[in-house]
Amino acid sequence: MKKLFNVLLFVLFCILPIKASEPQPYVLLISLDGFRWDYAERGITPNLDKIKQEGVSALSFKPSFPSITFPNHLSIITGMYPQNHGLISNFFENLYGERYRLSDSNAVKNPVWYWGEAFWETARRHKIITASYYWPGSEVWDENRRPNYYKAYNHDEPHENKINGIIEWLKLPYNERPHFITLYFHDTDSEGHKYGTYSRQIDSTVAVLDSLIGVLRQKIELIGMKDSINIIILSDHGMTNIRQDGIINIKDIIGEIECEVNSSSAITMIKPKDEKNIELVYNRLKKAERNYKVYYKSEVPAYWSFNKNPYIYPIVVVADIGFKLIYGKSTYNAVAEHGYDSHHIDMHGIFFAVGNKFKQNYRVGTLENVDIYPLLCEIFKIDGRSNIDGNINRIKYILE
Ligand code: AMP
Ligand code: ZN
Ligand code: ZN
């Protein structure tokens, strides 16, 4: 027995130094906001098609609920559902009436809003250098909770600057060079809202983003890093066109009762100012329930994992796909929207991955966005947080 123990000890000693000296991989995580799964099936994305051959592609990529930008970028980077990582919407209020809003540069920097551990925090704890050319949550003022290098969000930043910025980071001396980098493009979301999912404008935006991916890969090749960089390209959610007769004014249904309302196109949360009115408001909405569903917070279906967060209001209204909720007058007239049931295929995005860590020419069904955090931990062979919703066993098979 003792002999066997000694042999095992010897084997361990032989293996450990090899593992410790393994070079860190490189991962570039690219998000194309609102890039619906089928945009990559329109014959206008030769660079994504090439990645399909060379790497892994999924039929679709399922967002977490609600299928909105900030909640989902945080789900991707923390492995947690919005109700657990804290960002239940692009804007919301805590129990003291303090507000989070994606356009509020002070709020987005305040670490108190972010309850999950972003992958860049996990990586930094393991001495991996990280960088971000935008990602929600990457600008927090607590240095340990943000990437080593990051950029303050600029919606109008030229594409070229972003691509060159990534290349500059990759050209840094080895001991300063990031191994995990995020990159973000808003274009498909903005154009989708404005012109719809079957427009000439969305197709040309899709083609531009695809060509940028081609340029980026070429530039990576030119600096001699083609074989060492793993690239993941994904989106936070899809998009769906709004029907012409699809506007539902919630205020008209509730009537005179005073309420706090968190209103976005697909999901509206309601808190009557007087708690005694919760049932009355619910009943009015229930009676008029057509082209939307109304729930008490506790009734929100478990398959959305959206009923435990303290900031969710007592009543939740979710529009059916293609319908749009407004509260009173609205000047925002997008022709397409997202935020709906994350299981609906229109809300699904894309997932592509290529590099030495991934299988080649390997096509899979639907992947879930909370599984990216554990996937990144697996690629870097580091221990991530265990209190997450993601599960490495649902995604590990795409790795080589
Ligand atoms: P939405 O369509 O409302 O879910 O949000 C999409 C918008 O989020 C984009 O058009 C950007 O303007 C904005 N956005 C995305 N990333 C960031 C960021 N890191 N900081 C601030 N705003 C952002
Ligand atoms: Zn988005
Ligand atoms: Zn959007």
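This is a short chat about the zinc sites and salt bridges of a predicted model.

Reader: Start with the metals. Which protein donors hold the zinc ion (ligand 2)?

Author: Asp33 (OD), Thr69 (OG1), Asp236 (OD) and His237 (NE2) are the protein donors of the zinc ion (ligand 2). They lie 1.9 to 2.1 Å from the zinc.

Reader: What geometry does the site of the zinc ion (ligand 2) have?

Author: Tetrahedral. The angles among the four donor atoms of the zinc ion (ligand 2) run from 98 to 130°.

Reader: How are the donor residues of that zinc ion (ligand 2) spaced in sequence?

Author: The pattern is D-x35-T-x166-D-H. Take Asp33 and Asp236: the pair links distant parts of the chain, 203 residues apart. Asp33 sits in the loop between β1 (26-32) and α2 (46-54). Asp236 sits in the loop between β8 (229-234) and β9 (240-241).

Reader: Is Asp33 buried or exposed? And Asp236, buried or exposed?

Author: Asp33 is buried, at 1% relative accessible area. Asp236 is buried too, with a value of 1%. Buried means under 20% here.

Reader: On to the other zinc. How far apart are the zinc ion (ligand 3) and the zinc ion (ligand 2)?

Author: The two zinc ions, ligand 3 and ligand 2, are 4.5 Å apart.

Reader: Which protein donors does the zinc ion (ligand 3) have?

Author: Asp189 (OD) appears twice, alongside His193 (NE2) and His338 (NE2). These donors of the zinc ion (ligand 3) lie 2.0 to 2.6 Å from it.

Reader: And how are the donor residues of the zinc ion (ligand 3) spaced in sequence?

Author: As D-x3-H-x144-H. Asp189 lies in helix α8 (residues 187-195), and His338 in the loop between β16 (336-337) and β17 (351-354), so this pair ties together parts 149 residues apart in sequence.

Reader: Is Asp189 buried or exposed? Same question for His338, buried or exposed?

Author: Asp189 is buried, with a relative accessible area of 11%. His338 counts as buried at 9%.

Reader: Change of topic. How many salt bridges are there?

Author: The count comes to 22 salt bridges.

Reader: Give me one. What does the side chain of Glu121 meet in a salt bridge?

Author: Arg145, at 3.1 Å from N to O. Glu121 is in helix α6 (residues 119-125), while Arg145 is in the loop between β5 (130-133) and β6 (149-150). The pair links distant parts of the chain, 24 residues apart. Glu121 and Arg145 are buried.

Reader: What about Glu378, which residue meets its side chain in a salt bridge?

Author: Lys396, with an N to O distance of 4.0 Å. Glu378 lies in helix α12 (residues 372-380) and Lys396 in the segment after α12, so the pair ties together parts 18 residues apart in sequence. Glu378 counts as partly exposed at 26% relative accessibility. Lys396 is partly exposed at 40%.

Reader: Which residues do salt bridges that share partners join into one network?

Author: Arg36, Asp38, Arg42, Asp203 and Asp346. Within it, the side chains of Asp38 and Arg42 meet in a salt bridge at 3.0 Å, N to O.

Reader: In that pair, is Asp38 buried or exposed? And what of Arg42?

Author: Asp38 counts as buried, at 12% relative accessibility. Arg42 is partly exposed, with a relative accessible area of 21%.

Reader: Why can such side chains pair at all?

Author: Side chains of opposite charge can pair when their charged atoms come close.

How values were computed:
Residues numbered from 1 in each chain as written. Chains lettered and ligands numbered in written order. Predicted model: local features only at pLDDT ≥ 70, side-chain atom pairs only at ≥ 80, totals over all residues. Heavy atoms only, no water. Donors = N, O, S within 2.8 Å, 3.2 Å for Na, K, Ca; no water. Helix = DSSP H or I, 4+ residues; strand = E, 2+ residues; numbered from the N terminus. Buried < 20%, exposed > 50% of the residue type's maximum accessible area, 1.4 Å probe, protein only. Tetrahedral: all angles 85-135°; square planar, octahedral: opposite > 155°, others 65-115°.
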